[in-house]
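Q: Please go through this model with me term by term, setting each value against the definition that stands behind it.

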Number of protein chains: 2
Amino acid sequence: MSSEVTLKHIAEALGVSAMTVSRALNDRPNVDEQTKKKIVEKARSMGYRPNHVAKSLVSNKTYTIGVVIPEITHAFFPEVVRGIEEVTYGSDYQLFLTNANEQFSREMEAIRALQSQRVDGILISSSQTVEDFSFYEELLNSRTKVVFFDRCVENLGASCVSVNDRSSSTRITEHLITTHNIKKISYLSGPQEVSVGRKRYRGFMEALEKHNIPVNDDWVIEAGFREKSGYNAMNKLLALPPEDRPEAVVTVNDPCAIGAIQAIGEAGFSIPDDFAVVGFTDDVRAELLKVPLTTVHQPAYEVGKRAAQKLIKTIEHEEEPAENIEVLTTLKIRESCGCGEE
Amino acid sequence: MSSEVTLKHIAEALGVSAMTVSRALNDRPNVDEQTKKKIVEKARSMGYRPNHVAKSLVSNKTYTIGVVIPEITHAFFPEVVRGIEEVTYGSDYQLFLTNANEQFSREMEAIRALQSQRVDGILISSSQTVEDFSFYEELLNSRTKVVFFDRCVENLGASCVSVNDRSSSTRITEHLITTHNIKKISYLSGPQEVSVGRKRYRGFMEALEKHNIPVNDDWVIEAGFREKSGYNAMNKLLALPPEDRPEAVVTVNDPCAIGAIQAIGEAGFSIPDDFAVVGFTDDVRAELLKVPLTTVHQPAYEVGKRAAQKLIKTIEHEEEPAENIEVLTTLKIRESCGCGEE
DNA sequence: TTGTATGCGTTATCAG
DNA sequence: CTGATAACGCATACAA
């Protein structure tokens with residue numbers, strides 16, 4: 001029933017002004033201890049809950065942070081969220097998560113909604129698949145503070161917290177080349193409009209160049225970040241004549257790798273004998289697979305933590321400089337690359 | 001720089017009143033087509049973004065829905081979120097997710113923050129671990145509409161969307177009894193203050209009763225919903241003298257089962273020969289385990305969808321009656337219960 | 001210490 | 001079709 005108790009209601013009930021109630025409830029110094037006590041008590045008994053909507057309209061600050069995630073069912077992101085929460089929990093900021101479902105259009109909608117709600121800042125991992133930066137440029141010109149994480153939009157002057165995607169990709173590819181002496185290597189890439197898609201692809205290419213391995217265009221397939229896209233891409237490779245097939249498959253992330261592994265299994269091939277496969281993420285499933293997946297471990301929790309810290313600093317200090325923060329990955333060598341069981 | 005374009009700014013720039021601008025931008029009928037066009041164009045060029053905070057203050061409606069999740073890294077919940085999104089995406093409502101991290105105190109904070117933001121409704125899966133319902137009673141008396149999902153708080157008159165926890169738990173337990181002729185069965189339970197903890201436990205007990213199997217108190221251990229608690233609880237069972245140990249372990253959910261499985265492995269025992277294990281959830285990992293996990297498949301996506309639909313109806317129709325909606329589970333028979341490979 | 005006036009950005013209402 | 005005014009709930013600035 002209690003249809004919205006306001007300061008005014010409390011004031012009337014007590015025969016004081018709304019202003020005094022406001023002061024008492026906000027613990028301002030200039031209010032009599034006795035009346036303050038009375039007011040606080042009355043407020044509780046009436047079930048008063050401050051209207052942040054009104055508060056925000058006055059203060060132009062909402063103490064909320066929005067988070068834009070590309071794909072909530074990709075286990076990497078929930079783990080990032082836990083890192084973000086370690087920082088925001090106990091701080092004054094409340095978190096609002098949104099999921100873009102890998103669609104840039106949804107991401108824009110989410111960001112617009114967040115802006116309309118006047119969140120103080122937004123943490124974004126972008127699903128961008130277009131070349132047009134105007135949307136982000138406008139965003140960065142607004143009062144809303146922005147920090148990108150993992151999938152960053154670069155060169156716009158915003159801070160970015162990510163992992164060393166490029167060198168990690170080089171490193172895991174080189175593992176195949178040097179430890180397993182494999183030269184026929186395929187790459188299932190992510191979209192090139194997304195930073196991590198681009199960086200990991202470049203890292204892969206760099207490994208080939210470094211070892212003078214020529215690139216076979218048939219073996220570089222733009223797959224995507226999901227199981228299904230890895231599955232489809234792998235089937236394209238399997239459709240090649242046997243003598244034209246690669247010996248190993250490097251993938252943009254673990255879901256993609258897991259899709260590829262399924263395709264390989266369904267085609268009757270085995271891992272790592274017929275195809276070595278490596279991933280990127282260290283998904284919860286990676287070590288549980290029948291042939292555990294060699295992959296790059298991304299410190300998701302740490303990424304979230306650093307991103308949240310940077311955003312709050314950016315919100316609270318006008319002159320906080322933008323910066324790129326790279327958290328380092330570690331290689332997880334398991335069996336899918338051909339390494340024997342430890 | 002563009003520090004917050006308002007209706008007034010646009011009005012001044014065009015020499016009309018703020019009211020006319022408001023009407024034009026909201027596509028109201030009573031405004032000249034010519035002026036409307038001019039206004040819409042000017043608004044875009046000035047980068048106008050409506051201030052929902054102010055809008056909400058007037059309309060007392062925010063077109064936002066809050067979601068309270070107990071544990072974002074438990075894969076069941078992200079999948080529920082996808083179901084919720086299928087409904088809200090394309091509707092007028094924007095979603096704000098919060099994570100309670102299995103702590104009731106955090107859940108209360110999240111709900112309070114959501115209420116202060118004046119969300120129109122909240123979808124809650126409760127982390128409640130106390131017997132005090134006053135917090136929820138107050139919540140349900142406020143203007144905020146509430147629908148519980150999965151972990152419901154019952155008998156408060158709010159709608160609830162869940163699965164048939166009790167009978168599913170009976171069914172999977174009976175599978176062990178009738179198909180595998182196992183009588184020495186242990187139960188790793190969830191907290192009894194949480195609905196699903198309670199219901200699944202009762203379902204388990206019902207199966208024993210039905211088959212006249214006496215309960216061994218040493219075998220019923222309050223574990224919890226996470227890997228770690230399953231791991232610890234299983235170690236307690238393993239500490240019993242060999243002749244006092246059960247032959248099978250029924251668990252409250254898959255994470256708990258996975259923890260127990262790890263403890264069993266570390267102790268040098270094997271599944272299902274030494275211990276049969278069954279779960280509840282059908283986590284992504286369930287079928288990937290070395291011994292694939294027999295479990296109850298929960299239609300998470302469907303739960304989310306139904307809950308979101310019910311909430312929106314409840315928000316939009318004052319007289320929408322509360323109801324309990326049960327979505328049915330299916331049994332996933334794999335090898336961890338002793339069933340041979342198909 | 002307390003109260004009054006005023007404004008945040010938007011919309012409902014009523015007048016023109 | 002358009003405009004002026006008041007109101008939403010709260011806090012700042014100033015006055016008493």
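A: Let us begin with the polar contact, which is a pair of N or O atoms within 3.5 Å; within protein, one of them must be able to donate a hydrogen and the other to accept it, and residues adjacent in sequence count only if both atoms are side-chain atoms. By that rule there are 16 residue pairs in polar contact between chain B and chain A, both residues being at pLDDT 80 or more. This is a predicted model, in which local features need pLDDT of at least 70 and side-chain atom pairs count only at pLDDT 80 or more, whereas totals for chains, interfaces and linings use all residues. Residues are numbered from 1 along each chain as its sequence is written, chains are lettered from A and ligands numbered from 1 in the order in which they are written, and side-chain values use heavy atoms, with hydrogens and water left out.

Q: Why is the pair R49(B) and E138(A) called a salt bridge?

A: The term requires a side-chain nitrogen of Lys or Arg within 4 Å of a carboxyl oxygen of Asp or Glu. In R49(B) and E138(A) the closest N and O atoms are 3.0 Å apart, so the pair meets the cut-off. The count between chain B and chain A is 4 salt bridges.

Q: Which elements make up the side of chain B that touches chain A?

A: With helices (H or I, at least four residues) and strands (E, at least two) taken as DSSP runs numbered from the N terminus, at least two residues each come from α4 (52-59), α5 (76-88), β2 (94-99), α6 (104-116) and α7 (134-141) of chain B. The largest share, 9 residues, is supplied by α6(B). By class, this side of chain B divides into 18 nonpolar, 16 polar and 14 charged residues, where Ala, Val, Leu, Ile, Met, Phe, Trp, Tyr, Cys and Pro count as nonpolar, Asp, Glu, Lys and Arg as charged, and the others, Gly among them, as polar.

Q: How many residues of chain B and chain A are in contact, and what area do the two chains bury between them?

A: Counting heavy atoms within 4.5 Å as contact, 48 residues of chain B meet 48 residues of chain A. Buried area is the accessible area (1.4 Å probe) that two parts lose on being put together, summed over both, and for these chains the value is about 4600 Å², 55% of it on carbon and sulfur atoms.

Q: What makes a residue count as near DNA strand C?

A: One of its heavy atoms must lie within 4 Å of the strand. By this rule 23 residues surround DNA strand C, the closest being T20(A), R23(A), L7(B), S22(B) and Y48(B). A side-chain N or O atom of S22(B) is 2.5 Å from a phosphate oxygen of this strand, and polar side-chain atoms of N26(B) and T35(A) lie 3.2 Å and 3.3 Å from phosphate oxygens of strand C, so these three pairs fall within the polar-contact limit.

Q: Where do the backbone atoms of L7(A), S17(B) and A54(A) meet DNA strand D?

A: A polar backbone atom of L7(A) is 2.8 Å from a phosphate oxygen of DNA strand D, and for S17(B) the corresponding distance to a phosphate oxygen is 3.1 Å. A54(A), by contrast, places a polar backbone atom 3.5 Å from a base nitrogen. The elements giving two or more residues to the surface near DNA strand D are α2 and α4 of chain A together with α2 and α4 of chain B.
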